[in-house]
Amino acid sequence: MQKDGPSEAGPFHELEAEMRGAVAFALAISASVLVLGPASAQRAPTTGSASTAAPVAAPAPTDIPALIPAQNTPAPKCTNPNALGVSRTVEIDTNGGPGFGFEHFKQHDFLRNNEVLLTFDDGPWPTTPLVLKALADECVRATFFSIGKHATYYPEILKQVIEGGHTVGSHTWSHADLSRKSTEEAKEEIEKGISAVSMAVGPAASPIFRFPALRHPPEAVTYLGQRNVAIWSTDMDSFDFKMRKPEQVVASVMAKLKKHGKGIVLMHDFQQPTEHAVADLLAQLKAGGYKIVHMKTKDSIATIKQYDDMLIKEQKLPTVSQRPTSSVVRTVE
């Protein structure tokens with residue numbers, strides 16, 4: 001049965017395309033420390049017009065839980081001697097809600113020339129496993145920003161993301177445009193998304209967040225800062241949701257990397273063209289001499305019981321069986 005999620009084309013992605021250049025503003029919240037991995041550590045101009053709006057000052061809420069020690073899952077052992085692999089891993093301290101991605105934030109330039117950090121939005125979805133296979137074949141790790149509803153549809157797929165050694169954050173509950181929501185509605189979208197992802201993967205959920213359509217209402221930015229959740233924009237958007245062929249996705253990413261030399265790349269594991277593009281993209285990155293950087297967080301995110309309870313009430317009636325669909329239903333002919 002079809003879930004009540006978005007269609008293949010993703011109507012919210014059409015909105016995303018229309019809105020991308022409309023609102024972008026310079027963020028000025030206190031920077032947290034960026035801790036580099038095993039090795040020591042120009043940027044493209046931003047797109048869209050920068051607003052002078054600043055995050056709204058407000059006293060920190062008293063009901064926000066502290067971050068908890070990170071529960072990073074080790075990546076599987078790489079058995080491909082010729083794999084692209086991960087050149088280095090960076091760990092970020094998310095306290096204070098630092099911003100990453102030069103399309104909107106100018107705080108932290110941690111990538112060196114020819115370094116790439118891959119990010120995927122809108123999963124988990126049945127398209128995600130093929131993305132995971134392509135990454136695993138090349139021993140590459142990436143960052144996934146999950147929609148909360150999708151995490152409740154396919155928790156077993158999101159668990160596969162964690163088992164692959166990737167980093168998982170949240171992308172709201174329903175991919176709502178938070179700039180069109182009240183402060184309380186935006187907070188609910190953020191927190192229900194965090195709760196849903198955490199219900200799927202437990203303490204492996206990271207305190208990182210990406211706004212749908214990359215629209216950043218100041219009140220929500222302030223809240224995430226108080227929540228100690230890092231905000232991720234991008235350096236270059238593949239716009240894969242506008243494409244219908246895998247080769248178009250690959251060409252889009254490679255052209256932008258050639259122009260800018262490095263960057264955080266935004267793609268969508270929800271999109272079928274991207275599902276089939278990742279293997280070729282990794283091959284071209286390797287041929288082009290690019291290096292993959294993996295990001296993990298110093299801490300994990302803790303949920304807020306109020307939103308956990310809200311989420312549970314919205315779910316379908318539970319049954320005794322909690323087995324994944326793949327173990328309950330199989331094609332026999």
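In which sense do S7 and S8 pair, and over how many bridges? They pair in the parallel sense, over three bridges; two strands count as paired if DSSP finds at least two bridges between them. Before going further, a word on what you're looking at. This is a predicted model, where local features need pLDDT of at least 70 and side-chain atom pairs count only at pLDDT 80 or more, while totals for chains, interfaces and linings use all residues. Residues are numbered from 1 along each chain as its sequence is written, and side-chain values use heavy atoms, with hydrogens and water left out.

Let's start with the overall picture. The protein has 10 helices and 15 strands; these are DSSP runs numbered from the N terminus, helices being H or I over at least four residues and strands E over at least two. Of its 333 residues, 53% count as buried, where buried means under 20% relative accessible area, exposed means over 50%, and partly exposed is in between (1.4 Å probe, protein chains only). The accessible surface comes to about 15,000 Å², and carbon and sulfur atoms hold 54% of that; the areas come from the Shrake-Rupley method with a 1.4 Å probe, and for residues only the protein chains shown count as cover.

How far can you trust the model? The average pLDDT is 85, and 80% of the residues score at least 70; pLDDT is the predictor's confidence in each residue, from 0 to 100. Residues 1–9 stay under 50, and the model gives them 19 contacts beyond four places in sequence, a contact being heavy atoms within 4.5 Å. Residues 14–52 are also below 50, and that stretch has 99 contacts in the model beyond near neighbours in sequence. Where pLDDT is low, the predicted coordinates should not be read in detail.

Back to S7, which covers residues 115–121. Seven of its seven residues are buried. On one side sit Glu115, Leu117, Thr119 and Asp121, and on the other Val116, Leu118 and Phe120, so both faces are covered. Its partners include S13 (residues 263–268), which runs parallel to S7 and is joined to it by six bridges. S14 (residues 291–297) also pairs with S7 in the parallel sense, over two bridges. Valine 116 takes part in both pairings: its bridge partner in S13 is glycine 263, and in S14 the partner is isoleucine 292. Over in S8, phenylalanine 144 is the bridge partner of phenylalanine 120.

From S8 (residues 143–146) you can step on to S9, since the two pair in the parallel sense over four bridges. Phenylalanine 145 stands opposite glycine 169 in S9. S9 (residues 167–170) is covered on both faces, with Thr167 and Gly169 buried on one side and Val168 and Ser170 buried on the other.

Now for the loops. Asparagine 114, in the loop between S6 and S7, has a positive phi of about 70 degrees although it is not a glycine. Asparagine 114 is partly exposed, at 29% relative accessible area. On the other side of S7, in the loop leading to helix H2 (128–137), you'll find proline 124. The peptide bond from glycine 123 to proline 124 is cis, with omega near -5 degrees.

The loop between S9 and H5 holds threonine 172, another non-glycine with a positive phi, near 75 degrees. Threonine 172 counts as buried because its relative accessibility is 0%. Aspartate 177 lies in the loop between S9 and H5 too, and is buried with a relative accessible area of 8%. Its side chain makes a polar contact of 2.6 Å with that of serine 179. (A polar contact is a pair of N or O atoms within 3.5 Å; within protein, one must be able to donate a hydrogen and the other to accept it, and residues adjacent in sequence count only if both atoms are side-chain atoms.)

Next come two helices. H5 (residues 183–201) has 19 residues and reaches 27 Å from first C-alpha to last, close to the 27 Å expected at 1.5 Å a residue; the expected span is 1.5 Å times one less than the number of residues. H5 is mostly covered, with 14 of its 19 residues buried, and is followed by glycine 202, whose phi is positive, near 65 degrees. Helix H6 (residues 218–226) is largely enclosed by the rest of the structure, because eight of its nine residues are buried. Among them are Pro218, Tyr223 and Gln226. After H6 comes asparagine 228, with a positive phi near 60 degrees.
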